[in-house]
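Reader: Hey, can you walk me through this structure? I'm new to this, so plain words please.
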Amino acid sequence: MGKVEIVTVTNQKQLRQFIQFYYDLYRGNEYAVPYLFFDEMSTLQRSKNPSFECCESEYFMAFRDGKMVGRVAAIINKRANERWNIHQVRFGWFDFIDDIEVSGALLKAVEDWGRAKGMTEMAGPLGFIDTDREGMLVEGFEELSTMYVNYNYPYYPQHIEKLGGFRKDNDYMEYLVKVPEVVPDKFAKISDMITRRYGLQVRHFTSHELQKEGWGRKVFELVNATYKDLYGYSQLSDRQIDKLVNDYIKIADTNLITAVMDGDEMIGFGVTFPSFSRALQKTHDGRLFPFGWWQLLRILKWHKTDTVDLLLIGVLPEYRQKGANSLIFNDLIQQFQRYGFRYAEAMPQMEGNEAVRSQWQYLESRQHRRHRCYRKDL
């Protein structure tokens, strides 16, 4: 068996090869969900991703005997490093065959690149910003994944532990929630009470209002305000917000975006999408053509799925004690019932965020996946 060779991505052809590796490694896996190929290309290209205004990156591929056997992205987010007063290189898009020489060589490439840039620690899996996929799957390998989180084989964390030097830095927990047939009294009563006491109101904006009148931007400005103290968070710039509005809000069903208003001010939000997981599994390697577009259109237009993904939920700190979260859940549950969704995927929540995790006690739910970020001193 030949030596592991590390190759740096320097052109478009190699970048496509870098991205394609994931589809080849997980082809036929019943739990993995292919990511949209064009979205991966857009995220990893400097010319397409506004995150490069505060980030720099390098992509590495591993080969053995001429065959690609692994990949990894090395990323430095300067804005996050300044915010948290660290000198950290991130690793992401980390995939490899079950060969510890391969995984070790890839992480060493990140380590060497980061150290040459003056970094003193490495952490991951992480993306450029918080809306990218974060964490390595350590529990829930036999649960259907989503397009918004990393899926990996059970040997991934085993390699991290064997390589040494890495320690747990943060865990994200995910829940599968059964949509109730009746809105729980907890949400209904509190919603009624805070509407009368504080005058808070639920509102659904039109697509035009979200895209052209700035309310979509307001959602992500609130993300900056409500997520600012979360693990590794880096504030979204105007260009990053514009891209998120174009990528997500533009195609969203506005009935599945709930805003909580205090007069004319948005103070909370819930952004949800019907699940694309099964539809993406029917595409060819996450490509829209020739028939992938139809699979996704069935979800976007006709909601041909029994599951909805809870992507983003946030409430300004001063309104959390007033129960504004209950307004969001009270409204979303009614929307989910109307569409016939049976389950909701609650996206990653930090293990230490008891306030967020405790809200699932009022619903039939189970914690079904866990993702972990690791850190190593350089």
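Author: Sure, and let's begin with a term: a crossing of two helices is called left-handed if the near helix is turned anticlockwise from the far one by less than a right angle, and right-handed if clockwise. Keep in mind that this is a predicted model.

Reader: OK, so which hand is the crossing of H6 and H13?
Author: H6 and H13 cross in the left-handed sense. H6 covers residues 185–198 and H13 covers residues 324–339.

Reader: At what angle do H6 and H13 pack, and how far apart are their axes?
Author: The angle is about 125°, and the axes lie 8 Å apart. Angles of 65 to 115 degrees count as roughly perpendicular and those over 145 as roughly antiparallel, so H6 and H13 are oblique to each other.

Reader: Which residues make the contact?
Author: From H6 you have Phe187, Ala188, Ile190, Ser191, Ile194 and Thr195. H13 brings Ala324, Ser326, Leu327, Phe329, Asn330 and Ile333. Sorted by class, the contact of H6 with H13 has 8 nonpolar residues, 4 polar ones and no charged ones.

Reader: Cool. What about H8 and H9, at what angle do they cross?
Author: Roughly 125°, with the axes coming within 9 Å. That makes H8 oblique to H9. H8 is residues 215–227, and H9 is residues 238–247.

Reader: And is that crossing left-handed or right-handed?
Author: Right-handed, for H8 passing H9.

Reader: Who touches whom there?
Author: On the H8 side there are Gly216, Arg217, Phe220, Glu221 and Asn224. They meet Asp238, Ile241, Asp242, Leu244 and Val245 of H9. The contact of H8 with H9 holds 4 nonpolar, 2 polar and 4 charged residues.

Reader: Switching topic: how many cavities of 30 Å³ or more are there?
Author: The count is 4. The largest cavity has a volume of about 110 Å³.

Reader: What lines the largest cavity?
Author: 14 residues do, and those nearest its centre are Trp93, Phe94, Asp95, Asn150 and Tyr151. Strand S4, residues 88–96, gives the most to that lining, with 3 residues. By class, the lining of the largest cavity has 8 nonpolar, 3 polar and 3 charged residues.

Reader: How much space lies in the second largest cavity?
Author: About 80 Å³.

Reader: Where does the largest share of its lining come from?
Author: From H13, which supplies 4 residues to the second largest cavity. Strand S7 (167–178) also gives at least two. Among the lining residues are Phe329, Leu332, Ile333 and Phe336, along with Val177 and Lys178. You've met Phe329 and Ile333 already, in the contact of H6 with H13.

Reader: How does that lining divide by class?
Author: For the second largest cavity there are 11 nonpolar residues, no polar ones and 1 charged one.

Reader: Last thing, pockets. How much space is in the second largest pocket?
Author: About 400 Å³. The second largest pocket is lined by 23 residues, and the closest to its centre are Leu144, Ser277, Arg278, Asp306 and Thr307.

Reader: Which elements give two or more residues to that lining?
Author: Two helices and two strands: H10 (277–281), H11 (292–302), S12 (343–350) and S13 (365–377).

Reader: And how does the pocket's lining look by class?
Author: The lining of the second largest pocket has 6 nonpolar, 7 polar and 10 charged residues.

Terms used
Residues are numbered from 1 along each chain as its sequence is written. This is a predicted model: local features need pLDDT of at least 70, side-chain atom pairs count only at pLDDT 80 or more; totals for chains, interfaces and linings use all residues. Side-chain values use heavy atoms; hydrogens and water are left out. Axes are lines fitted to C-alpha atoms, for helices over the stretch in contact, and angles run from 0 to 180 degrees between N-to-C directions. Angles under 35 degrees count as roughly parallel, over 145 as roughly antiparallel, 65 to 115 as roughly perpendicular and the rest as oblique. Contact means heavy atoms within 4.5 Å. Ala, Val, Leu, Ile, Met, Phe, Trp, Tyr, Cys and Pro count as nonpolar, Asp, Glu, Lys and Arg as charged, and the others, Gly among them, as polar. On a 1 Å grid over the protein atoms alone, a cavity is a set of points where a 1.4 Å probe fits but cannot get out, and a pocket is an open set with protein on both sides within 12 Å along at least five of seven lines; lining residues have an atom within 4 Å of a point. Grid points are joined across faces, edges and corners, and a volume is the space filled by probe spheres set on the points.
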